[in-house]
Amino acid sequence: NAASYPGEQCTDLQQCDAEYYGCKPRRCIPTQPACNGNNKTTCNADGLGFSGEGTSCGSLSCMDGTCRDRLFIEDFEDADLTGWALVAKGELAKTTAISSTQAAAGTRYSLVQTKAKTDSSIKRSFAESRPKRIGWWAMAESRTTVSGAFVVRAAKERIAKLQFDSNGTLVLDGLTSPLVVYEAKRWYHLELRNIDYTAQTFDVYVNDTRVLAGAPFRYSSSSPLSVSEIELSTPAGTTVYWDEITFD
């Protein structure tokens, strides 16, 4: 671990910053190729920033400092739910819709699961694949209610679930400690990166900052797993927005 000031020791996810007078989260691996949003660039020597804005990957996806084809993208720009299955009971038509007033990353549309008498839940199934990164944007309308669960499954078993909790924190299923504090009505870019289907671990990033390394799959297997389904859900009486879901 990097040394900092008396009484504080930086973790492997942090860097000692003299100006900040303490430890700050690293944004990338020092001096290595990196992604600044969807721009490919190089990480600074201290891991706290980038050597310029970099070069845009355009329609491709920046991953590990290189531009690559995406395995899947759902940006809701076609303004429909083709490919998604509504799995909640009750007022289905009133719980899930396309929003033209809220969008992440400068796009026109997003998906909204809104206040209703019943829980809202939709899922999308895939041919089994092994993306190294799964990303999405999410925004909760309130920070005092549980909302916005993003679930990743393999062989119909849950391997990861990130959710906005009722105490204003983002939580990962299976952990007792929250990942970050969140604000209501603010978009967050959430990612599972460095997904290892043999070791069955992944890292969690929030707004391009790693907040958890080596998290175990919630469901484990003696053989490598593959992603087969994602689900978006929120309890009755809450509202959450989703956008820009990508597999890389």
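A residue counts as buried when its relative accessible area is under 20%, as exposed when it is over 50%, and as partly exposed in between. Keep that in mind for the close-ups below, which come from a predicted model.

**Figure 1. Here's the whole protein before we zoom in: 248 residues, with 46% of them counted as buried.** The protein holds one helix and 22 strands. Now take the contacts between residues with a separation of 6 or more: 55% of them join residues 24 or more positions apart. A search of the whole structure also turns up 17 salt bridges and ten aromatic pairs. Some of these get their own views below.

**Figure 2. Three rings, Phe72, Phe126 and Phe247, make up one aromatic cluster.** A pair of aromatic rings is described by two things, the distance of the centres and the angle of the planes. The structure holds ten such pairs. For Phe72 and Phe126, the centres are 5.0 Å apart and the planes meet at 80°, so this pair is edge-to-face. Planes over 60 degrees apart are what earns that label. Phe72 belongs to strand E8 (residues 72-74) and Phe126 to strand E12, so the pair ties together parts that are 54 residues apart in sequence. Next up are Phe72 and Phe247: with centres 5.4 Å apart and planes at 65°, this pair is edge-to-face, so the 60-degree rule applies here too. Phe247 sits in strand E22 (residues 240-247), and its pair with Phe72 in strand E8 links distant parts of the chain, 175 residues apart. Are these rings buried or exposed? Phe72 and Phe126 are both buried, and Phe247 is buried along with Phe72.

**Figure 3. Seven strands line up here as an open sheet.** Reading across, the order is E9-E12-E21-E14-E15-E16-E17, and the pairing is antiparallel. Which strands stand at the edges? They are E9 (85-86) and E17 (180-181); each has a single partner strand, so one side of each is left without a neighbour in the sheet. Zoom in on E9 and you'll find its pairing with E12 (residues 120-129), antiparallel over two bridges. Ala85 is a good spot to look, standing opposite Lys123 in E12.

**Figure 4. Asp165 is a buried acid with no salt bridge.** This residue lies in the loop between strand E15 (157-164) and strand E16 (169-172). How far away is the nearest side chain of opposite charge? That side chain is Lys161, at 9.5 Å, and a salt bridge needs the charged atoms within 4 Å. Leaving out residues up to four places away in sequence, Asp165 touches Arg143, Thr145, Val146, Val171 and Tyr182. Two of those names turn up together: Arg143 lies over the face of Tyr182, at 5.9 Å from the ring centre.

**Figure 5. Lys132 and Asp64 meet in a salt bridge, with N to O at 3.4 Å.** Lys132 is in the loop between E12 and strand E13 (134-140), while Asp64 is in the loop between strand E6 (61-63) and strand E7 (66-68), so the pair ties together parts that are 68 residues apart in sequence. Lys132 has 36% relative accessibility and counts as partly exposed. Asp64 is partly exposed too, at 39%.

**Figure 6. Another salt bridge joins Asp248 and Arg70, at 3.6 Å from N to O.** Their pair links distant parts of the chain: Asp248 is in the segment after E22 and Arg70 in the loop between E7 and E8, 178 residues apart. Asp248 is buried, with a relative accessible area of 9%, whereas Arg70 is partly exposed at 29%.

**Figure 7. Arg108 and Glu77 bring their side chains together in a salt bridge of 3.3 Å, N to O.** Arg108 lies in the loop between strand E10 (96-99) and strand E11 (110-113), and Glu77 in the loop between E8 and E9, so the pair ties together parts that are 31 residues apart in sequence. Arg108 is exposed, with a relative accessible area of 51%.

**Figure 8. Salt bridges that share partners join Arg70, Arg133, Glu191, Arg193, Asp208 and Asp248 into one network.** One member, Arg193, also has a ring to look at: its charged end sits over the ring of Tyr205, 3.8 Å from the centre.

Methods: Residues are numbered from 1 along each chain as its sequence is written. This is a predicted model: local features need pLDDT of at least 70, side-chain atom pairs count only at pLDDT 80 or more; totals for chains, interfaces and linings use all residues. Side-chain values use heavy atoms; hydrogens and water are left out. Helices (H or I, at least four residues) and strands (E, at least two) are DSSP runs, numbered from the N terminus. Buried means under 20% relative accessible area, exposed over 50%, partly exposed in between (1.4 Å probe, protein chains only). Lys and Arg count as positive and Asp and Glu as negative; His and the chain ends are not counted. Contact means heavy atoms within 4.5 Å. Two strands pair if DSSP finds at least two bridges between them. Rings of Phe, Tyr and Trp (its six-membered ring) pair if their centres lie within 6.5 Å; planes under 30 degrees apart count as stacked, over 60 as edge-to-face and the rest as tilted. A charge sits over a ring if NZ of Lys or CZ of Arg is within 6 Å of the ring centre and within 35 degrees of the ring normal.
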